[in-house]
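Me: I am new to this structure and would like a close look at one part of it. Could you walk me through a helix and what surrounds it?

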Amino acid sequence: MIFGKDKIFGENTLDVNLIEEIVKKNKVPILVQYEPFKELIKRGSNDLISKQIKELNELIKEKNTIEKQLLDLQAKKPKLMARIIYISNELNENKNIKAEQELDRLKQEMEDINNNIDMIFEKLEDMPMLIKEKNLNLLRETVKHSYERINKGESNLSDVNDKITKLRKELDELRIQKEKEEEKVNSTYNFIHAILGHKDMEKLDNKFLK
């Protein structure tokens, strides 16, 4: 357990600064990919947590999409380069005008690919920090919400325990009352049985006992 309740609350007031300090010094997994977090959220969250989960998922999805684009562009470069070399040879050997136009087009395509790759690298450079910050924002809100739930749960438990204590007391009183009534019934029955005997008691039992 990363956090201790006695460290987070003072006089039942949430210490936001302390949460911030603890959150920053702990190694935090990506919460939306972390099974214990998913299980926790199934049991309840709030609108802000739901919004932050959505934003974090979108950011991760964007990162994955950009990385795929990068791989696709990098995969095109060797094929494009081979085509450029082939067309260059064609132009040098045969002075083909169409080859010159094709070469210009291929070179422009290579330049565009290189520019796009540079742009993607710039985006990817910022992505880890953006994801980390979104993740920490989600953790901050989750910690606050979790302790609110803990406090509410403990308050409810206190009410339940009070009711259980009251019911136990009532049961103890009923048990004592039951034992007293049983004692009265048995002592009365035993007295009559001793006076009248078994046969006469059986007749009276059949007539009077319900």
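Reply: Happy to help; here is a look at helix α4, with the whole chain before it and helix α5 after it.

This is a predicted model, in which local features need pLDDT of at least 70 and side-chain atom pairs count only at pLDDT 80 or more, while totals for chains, interfaces and linings use all residues. Residues are numbered from 1 along each chain as its sequence is written, and side-chain values use heavy atoms, with hydrogens and water left out.

Let's begin with the chain. The protein chain has 6 helices and 2 strands (DSSP runs numbered from the N terminus: helices are H or I with at least four residues, strands E with at least two). Read from the N terminus, the order is α-β-β-α-α-α-α-α. The average pLDDT, the predictor's confidence in each residue from 0 to 100, is 81, and 81% of the residues score at least 70. Over residues 1–13, however, the pLDDT is below 50, although this stretch has 24 contacts in the model beyond near neighbours in sequence (a contact means heavy atoms within 4.5 Å). Where pLDDT is low, the predicted coordinates should not be read in detail.

Now to helix α4 itself, which covers residues 47–94. At its start, a side-chain oxygen of asparagine 46 comes to within 3.2 Å of the backbone nitrogen of leucine 48. That is a polar contact, meaning a pair of N or O atoms within 3.5 Å; within protein, one must be able to donate a hydrogen and the other to accept it, and residues adjacent in sequence count only if both atoms are side-chain atoms.

How far should the 48 residues of α4 span? The expected span is 1.5 Å times one less than the number of residues, so α4 should span 70 Å, and its end C-alpha atoms, 69 Å apart, agree with that. Along the way, α4 has a kink of about 25 degrees at lysine 77, shortly before proline 78; the bend is the angle between axes fitted to the seven residues ending at a residue and the seven starting there. After α4 comes lysine 95, with a positive phi near 50 degrees.

Finally, helix α5 spans residues 97–196 and includes serine 146. Lysine 123 also lies in α5, and its C-alpha atom is 8.6 Å from that of lysine 63, 60 residues away along the chain. Serine 146 counts as buried because its relative accessibility is 17%, and buried means under 20% relative accessible area, with exposed over 50% and partly exposed in between (1.4 Å probe, protein chains only). Lysine 123, at 46%, is partly exposed. The side chain of serine 146 reaches the backbone oxygen of threonine 142 at 2.7 Å.
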